[in-house]
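Thanks for agreeing to look at this one with me. Here are my notes, point by point, to read alongside the model.

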Amino acid sequence: MTQNPHDLARRLADRAETVCRHYLSSGRREGTYWLVGDVRNTPGRSMYVRLKDTPKGPAGKWTDAATGEHGDLLDVIRESCGLIDFKDVTDEARTFLSMPPPEPKFRQQPRQSPAPHGSPAAALRLVRMSQPIYGTLVQAYLRERGITDLRGTGSLHFHPHCYYRPDEHSPTETWPAMIAAVTDLDSKITGAHRTWLDPRRRDKAPIDTPRRAMGDLLGNAVRFGIGGEVMAAGEGIETVLSLRQVLPDMPMLAALSAAHLAAILFPDTLRRLYIVRDNDPAGDGARDTLIERANATGIEAIVISPELDDFNEDLRTLGLDALRMEARLQVAPQDVARFMALAA
């Protein structure tokens, strides 16, 4: 069986609409195109996939009008599934096409041993086993917390049966979970954060520790949007996503704890950092450390503070308009014009 990527791409193109319905489920068909927000399955209409061969081009080719990105359906599989290695992309494509695995060119290698518990490799496998969040309990959970604009949240995934074990002496349980990919500055997945959910209440699961992280976290983060000259950094996923409701185009990251927020690594392009502070002593400590580190490298640091304990509480208690005004008063005027335009 050939491993030629062009052959795989052609086979996928022959089933272009089925591929789109599976991997770009947030979109919809219009005429001979599939429209979606981007290749990472964000809702919207800026990306279009050709479903049939036409004089304008072959089936399976796509273009994102907003970013200029383009590619074929193998790229769709790679980006929507968060895959890095090309072999993983082709394996996923073969699974989708119900194709047998390729005949090995050389002697079969020994079966890969399970990834060590809690390791970066185990985190990567967990992310790959999960699915996009649109139409799932994760989307319902976030909506319950006032978070409805999910642009740029390709780092979040849904796992319907994620293992949870209270301690080494307890039996293993399974709960639905929000899985967040932790990545480094090169977009490599180094860890994962799990938030177990209660499907009946659309809230965190009624367990002792409904949030847990695994893998290599120090310096890395859950990222929303593509970093550039300006970026915001906070502790919790929901906190950061709450601020993105009024600053939807500003790249942000969630470091997952105050200690990890203080240790985030700065991209070379960063010139201004907004520190999304939580109203507690740990948040104050992270703020002070981060200001010192940013200033030492020539990065302007600006602190954004909530009225209540954190920005998600502000969003749920005070409302979207109040949160927008908070941000407008604390963000530099040029960044208000740049990043708040769509939310104004």
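1. Let me start with helix 3: seven of its nine residues are buried, so the rest of the structure largely encloses this helix. Buried here means under 20% relative accessible area, with exposed being over 50% and partly exposed in between (1.4 Å probe, protein chains only). Helices (H or I, at least four residues) and strands (E, at least two) are DSSP runs, numbered from the N terminus. The buried residues of helix 3 are Leu73, Leu74, Asp75, Val76, Ile77, Ser80 and Cys81.

2. A word on the ground rules. This is a predicted model, in which local features need pLDDT of at least 70 and side-chain atom pairs count only at pLDDT 80 or more, while totals for chains, interfaces and linings use all residues. Residues are numbered from 1 along each chain as its sequence is written, and side-chain values use heavy atoms, with hydrogens and water left out.

3. What do the buried residues of helix 3 pack against? Their partners are helix 1 (5-14), helix 2 (16-23), strand 3 (47-50), strand 4 (62-64), strand 5 (70-71) and helix 4 (86-97). Contact means heavy atoms within 4.5 Å.

4. Helix 3 also carries a salt bridge, between the side chains of Asp75 and Arg78 (2.8 Å, N to O). The term stands for a side-chain nitrogen of Lys or Arg within 4 Å of a carboxyl oxygen of Asp or Glu. Asp75 and Arg78 are three residues apart in helix 3 (residues 73-81), so about one helical turn separates them. Asp75 is buried at 18% relative accessible area, whereas Arg78 is partly exposed at 28%.

5. How many salt bridges does the structure hold? There are 22. One of them joins Arg272 and Asp335, at 2.8 Å from N to O. Arg272 sits in strand 14 (residues 272-276) and Asp335 in helix 12 (residues 333-339), so this pair ties together parts that are 63 residues apart in sequence. Arg272 and Asp335 are both buried. Elsewhere, Arg40, Glu69, Asp75, Arg78 and Glu79 are joined into one network by salt bridges that share partners.

6. For a pair with another setting, see Arg201 and Asp203, whose salt bridge has its closest N and O atoms 3.6 Å apart. Arg201 is partly exposed at 44% relative accessibility, and Asp203 is partly exposed at 27%.

7. Now the largest pocket, with a volume of about 1,400 Å³. Of its 48 lining residues, Arg40, Gly152, Phe224, Gly225 and Ile226 are the closest to its centre. On a 1 Å grid over the protein atoms alone, a pocket is an open set of points where a 1.4 Å probe fits, with protein on both sides within 12 Å along at least five of seven lines; lining residues have an atom within 4 Å of a point. Grid points are joined across faces, edges and corners, and the volume is the space filled by probe spheres set on the points.

8. Which element gives the largest share of that lining? Helix 3 does, with three residues. The lining divides into 20 nonpolar, 17 polar and 11 charged residues. Here Ala, Val, Leu, Ile, Met, Phe, Trp, Tyr, Cys and Pro count as nonpolar, Asp, Glu, Lys and Arg as charged, and the others, Gly among them, as polar.

9. Finally, the whole protein: it has 12 helices and 15 strands, and buried residues make up 48% of its 344 residues.
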